[in-house]
Amino acid sequence: MRDFYCQCGNSIFFRNTRCLVCERTLGFAPEAMLMTALEAIGDGRWRVPASGSINGRIYRLCQNYTQHNVCNWLVPDESPHHFCPSCRLTRTIPDLDAPRHLELWARLENAKRHLIFNLRQLGLPIVGRAEDPEFGLCFDFLADADAETEFTEPLAGQAQVTTGHANGAITINIAEADDVARARMREQMGEHYRTLIGHFRHEVGHYYWARLIEKTEWLDEYRSLFGDERADYGQSLQRHYANGAPADWQSHFVTPYASAHPWEDWAESWAHYLHIRDTLDTATEYQLVARPPWQKQATEFEALMHRWTHLAIGMNAVNRSMGLADAYPFVLNAGARRKLEFIHRVIAPYEARTNP
Ligand SMILES: [Zn+2]
Ligand SMILES: [Zn+2]
Ligand SMILES: [Zn+2]
């Protein structure tokens with residue numbers, strides 16, 4: 001994530017709605033990929049007072065900003081839309097009459113905007129349901145039917161909402177936005193890492209598999225690295241939940257869950273690629289790692305891995321100093337690296353078009 005500055009010079013963050021120094025209202029202009037201070041000019045319209053590429057432009061606040069305060073993105077005044085590009089991808093929101101749902105929904109939208117920012121940085125196509133009603137990307141934020149137990153017994157009960165992906169539609173159980181429920185689920189699943197941004201990165205990986213790999217020239221190489229995805233998906237998951245990962249998973253997979261099925265291996269690897277790219281970007285922005293050119297490596301990907309290994313080790317050590325769990329509790333074995341390198345090559349042409 002980039003660091004941004006208010007017109008007053010104060011550092012502001014991607015999720016901010018108000019500058020703590022000059023108290024200006026803030027918003028994110030998605031088409032310019034910029035956080036900016038705003039000046040009200042009446043009629044729900046706002047002008048950018050700052051110098052820079054969007055100086056003087058007029059915006060409206062996303063309807064989810066004004067109505068529910070769960071968004072901080074802007075809509076150009078001339079746009080026909082009431083919602084920003086991120087909120088337009090949300091197909092179903094939780095029942096806001098239920099206690100805490102507004103707060104949990106806000107956390108989900110926040111993680112989603114971070115995801116959309118990263119996808120745009122990489123130049124990846126984001127095609128919603130309006131353009132592609134059958135396979136377009138959309139998000140359903142749902143709660144378990146029994147509101148009494150949804151945050152206390154996330155594994156029990158019927159009509160349970162399962163976080164997952166189908167034909168571009170990503171479902172997230174909003175209990176994942178509850179820290180206690182998510183930590184309990186992480187313990188039950190024996191995981192070392194479970195976050196909202198991680199869910200978004202994983203699930204959107206399934207969407208991009210269908211867009212970038214299936215029916216493309218990448219499919220053969222994908223199968224040689226990840227395995228044949230035509231293996232029965234339901235049976236594979238059942239086997240994984242019954243027996244766990246194979247004993248030698250640490251030589252081939254980025255996580256135990258990646259061993260469940262070639263689709264999950266792709267989605268887990270994709271999530272890690274996004275973790276690595278965004279976290280390295282952030283660390284570079286805040287000058288926690290040296291800016292490139294870094295120590296010379298044979299390929300761009302090897303340079304990326306070199307920088308990442310250095311940062312991940314440092315982050316984990318810093319977290320331990322603060323008494324926190326490791327920020328990146330994973331080891332990238334040779335098999336996992338080959339898969340990340342493949343993803344790097346698949347994404348490269350999109351990124352090159354964005355940042356020529
Ligand atoms: Zn300010
Ligand atoms: Zn919005
Ligand atoms: Zn998955």
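This briefing walks through two zinc sites, a pocket and a handful of single residues. The model is a predicted one. Two zinc ions are each held by four cysteine sulfur atoms: C6, C8, C19 and C22 for ligand 1, and C62, C71, C84 and C87 for ligand 2. Further along, the second largest pocket holds about 1,200 Å³ of space.

**The zinc ion written as ligand 1**

- The SG atoms of C6, C8, C19 and C22 are the protein donors here, and they lie 2.2 to 2.3 Å from the zinc ion (ligand 1).
- Along the chain, these donors are spaced as C-x1-C-x10-C-x2-C.
- The site of this ion is tetrahedral because its four donor atoms subtend angles of 104 to 115°.
- For comparison, ideal angles for four tetrahedral donors at a metal are 109.5 degrees.
- C6 has a relative accessible area of 5%, so it counts as buried.
- C8 counts as partly exposed, with a relative accessibility of 35%.

**The zinc ion written as ligand 2**

- C62, C71, C84 and C87 each offer an SG atom to the zinc ion (ligand 2), at 2.2 to 2.3 Å.
- The spacing of these donors along the chain reads C-x8-C-x12-C-x2-C.
- Two of the donors, C71 and C87, link distant parts of the chain and are 16 residues apart.
- C71 sits in the loop between α1 (63-66) and β7 (74-76), while C87 sits in the loop between β7 and β8 (90-92).
- The angles among the four donor atoms run from 105 to 115°, and the site is tetrahedral.
- C71 is buried because its relative accessible area is 2%, under the 20% cut-off.
- C87 is buried too, with a relative accessible area of 5%.

**The second largest pocket**

- Which residues lie nearest the centre of this pocket? They are R15, H114, Y193, I197 and D278, from a lining of 36 residues.
- Elements giving two or more residues to the lining are α2 (101-121), α3 (179-188), α4 (196-213), α7 (262-285) and α8 (300-321).
- Helix α7 supplies the largest share of the lining, with five residues.
- By residue type, the lining divides into 18 nonpolar, eight polar and 10 charged residues.

**Two buried residues to look up**

- K112 is found in helix α2.
- The relative accessibility of K112 is 0%, so this lysine counts as buried.
- The side chain of K112 makes a polar contact of 2.9 Å with the side chain of E109.
- A177 belongs to the loop between β11 (169-173) and α3.
- With a relative accessible area of 1%, A177 is buried.
- From C-alpha to C-alpha, A177 and A166 are 21 Å apart in space, and they are 11 residues apart in sequence.

**Two residues with a positive phi**

- E23 is not a glycine, yet its phi is positive, at about 65°.
- You can find E23 in the loop between β2 (11-12) and β3 (25-29).
- Is E23 buried or exposed? Its relative accessibility is 55%, so E23 counts as exposed, the cut-off being over 50%.
- K215 also has a positive phi, near 60°, and is a residue other than glycine.
- The loop between α4 and α5 (219-226) is where K215 lies.
- K215 is exposed, with a relative accessible area of 77%.

Notes:
Residues numbered from 1 in each chain as written. Chains lettered and ligands numbered in written order. Predicted model: local features only at pLDDT ≥ 70, side-chain atom pairs only at ≥ 80, totals over all residues. Heavy atoms only, no water. 1 Å grid on protein atoms, 1.4 Å probe; cavity = no way out; pocket = protein on both sides within 12 Å on 5 of 7 lines; lining within 4 Å. Points joined across faces, edges and corners; volume = space filled by probe spheres on them. Helix = DSSP H or I, 4+ residues; strand = E, 2+ residues; numbered from the N terminus. Nonpolar A, V, L, I, M, F, W, Y, C, P; charged D, E, K, R; others polar. Donors = N, O, S within 2.8 Å, 3.2 Å for Na, K, Ca; no water. Tetrahedral: all angles 85-135°; square planar, octahedral: opposite > 155°, others 65-115°. Buried < 20%, exposed > 50% of the residue type's maximum accessible area, 1.4 Å probe, protein only. Polar contact = N/O pair within 3.5 Å; in protein donor to acceptor, adjacent residues only side chain to side chain.
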